[in-house]
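Here is my note on the model you sent round. The points are numbered for ease of reply.

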Amino acid sequence: MLKLSKEAIQMLEQVIYLPMVLQILQRDCQAFEQGAFKLKQPYIKLVEQTISFVQKELAEAKRYLRQNQLQVFRGERDDLFSEYIFVRQRAQDCRRYSNIRLRNHVEDLLSYYLSKAQEITRCEQ
């Protein structure tokens, strides 16, 4: 059994969640670009700034994992649960996350990062 600090677990989970957030944002950006919006640019700019912010956070989380010799691997997945394996050196910890929990947390993170990007946009104006 792998003994992990709260900070380590948080960073490992960031590496799980943030790529999902990025994927949603990239799809949304494409939808705005291809959509029948009269004024696309404000939406696209907000999503692009959010993508940039999330990418920076993901890079920091990955840097933390490298420095602390941690890895995360996706295990098996079914309709209800997704499994992730956390590894440090040769010790590992297998954790199962409810797909509903993953979706809800990604939605919360999406709201959080969109509001952060909006704050940054306000400061720049």
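1. Start with the second strand pairing. Strand 2 and strand 3 (residues 91–98) run antiparallel, and eight bridges join them. One facing pair fixes the register: V87 stands opposite Q92 in strand 3. Please keep in mind throughout that this is a predicted model.

2. The turn of that hairpin deserves a look. Two residues lie between strand 2 and strand 3, and Q89 takes a positive phi near 55 degrees there. Q89 belongs to the loop between the two strands. This residue is not a glycine, yet its phi is positive, at about 55 degrees. Most residues other than glycine have a negative phi. Is Q89 buried or exposed? Its relative accessibility is 60%, so Q89 counts as exposed, the cut-off being over 50%.

3. Now the other pairing. Strand 1 (residues 70–77) and strand 2 (residues 81–88) are antiparallel as well, with six bridges between them. Here F73 stands opposite I85 in strand 2. These two strands also form a hairpin, with three residues between them. Strand 2 thus pairs with strand 1 and with strand 3.

4. A second backbone point sits just ahead of the strands. Q69 is in the loop between helix 2 (41–67) and strand 1. Q69 is not a glycine either, but has a positive phi of about 50 degrees. How accessible is Q69? At 48% relative accessibility, Q69 counts as partly exposed. I would list Q69 and Q89 together under positive phi.

5. On the fold as a whole, the protein chain has three helices and three strands. Their order along the sequence is α-α-β-β-β-α. The C-alpha trace spans about 55 × 35 × 20 Å along its principal axes. Take the contacts between residues at least 6 apart in sequence: 55% of them join residues at least 24 apart.

6. Burial and surface come next. The protein chain has 125 residues, and 35% of them count as buried. The exposed area is about 8,700 Å², with carbon and sulfur atoms supplying 49% of it.

7. Charges can be dealt with quickly. There are 20 positive and 16 negative charges, and their mean positions are 3 Å apart. How many salt bridges are there? The count comes to one. The partners are D93 and R95, whose side chains meet at 2.9 Å, N to O. Their settings can be read from the accessible areas. D93 has a relative accessible area of 5%, so this residue is buried, the cut-off being under 20%. R95 has 26% and is therefore partly exposed. The pair thus joins a buried acid to a partly exposed arginine.

8. E13 is another acidic residue to check. E13 is part of helix 1 (residues 6–34). Its relative accessibility is 15%, so E13 counts as buried. What does E13 touch, leaving out residues up to four places away in sequence? The contacts are Y97 and R101. A61 is 48 residues from E13 along the chain, and their C-alpha atoms are separated by 9.1 Å.

9. F81 makes a useful companion case. F81 is found in strand 2. With a relative accessible area of 31%, this residue is partly exposed. Leaving out residues up to four places away in sequence, F81 touches E76, R96, Y97, S98 and N99. Y97 therefore appears in the contacts of F81 as well as in those of E13, contact being heavy atoms within 4.5 Å. By contrast, C29 is 52 residues from F81 along the chain, and their C-alpha atoms are separated by 28 Å.

10. To sum up, two places merit a second look. One is the pair of positive phi values, at Q69 and Q89. The other is the D93 and R95 salt bridge, with D93 buried.

Conventions: Residues are numbered from 1 along each chain as its sequence is written. This is a predicted model: local features need pLDDT of at least 70, side-chain atom pairs count only at pLDDT 80 or more; totals for chains, interfaces and linings use all residues. Side-chain values use heavy atoms; hydrogens and water are left out. Helices (H or I, at least four residues) and strands (E, at least two) are DSSP runs, numbered from the N terminus. Buried means under 20% relative accessible area, exposed over 50%, partly exposed in between (1.4 Å probe, protein chains only). Accessible areas come from the Shrake-Rupley method with a 1.4 Å probe; for residues, only the protein chains shown count as cover. Lys and Arg count as positive and Asp and Glu as negative; His and the chain ends are not counted. The place of a charge is taken as NZ of Lys, CZ of Arg, CG of Asp or CD of Glu. Two strands pair if DSSP finds at least two bridges between them. A salt bridge is a side-chain nitrogen of Lys or Arg within 4 Å of a carboxyl oxygen of Asp or Glu.
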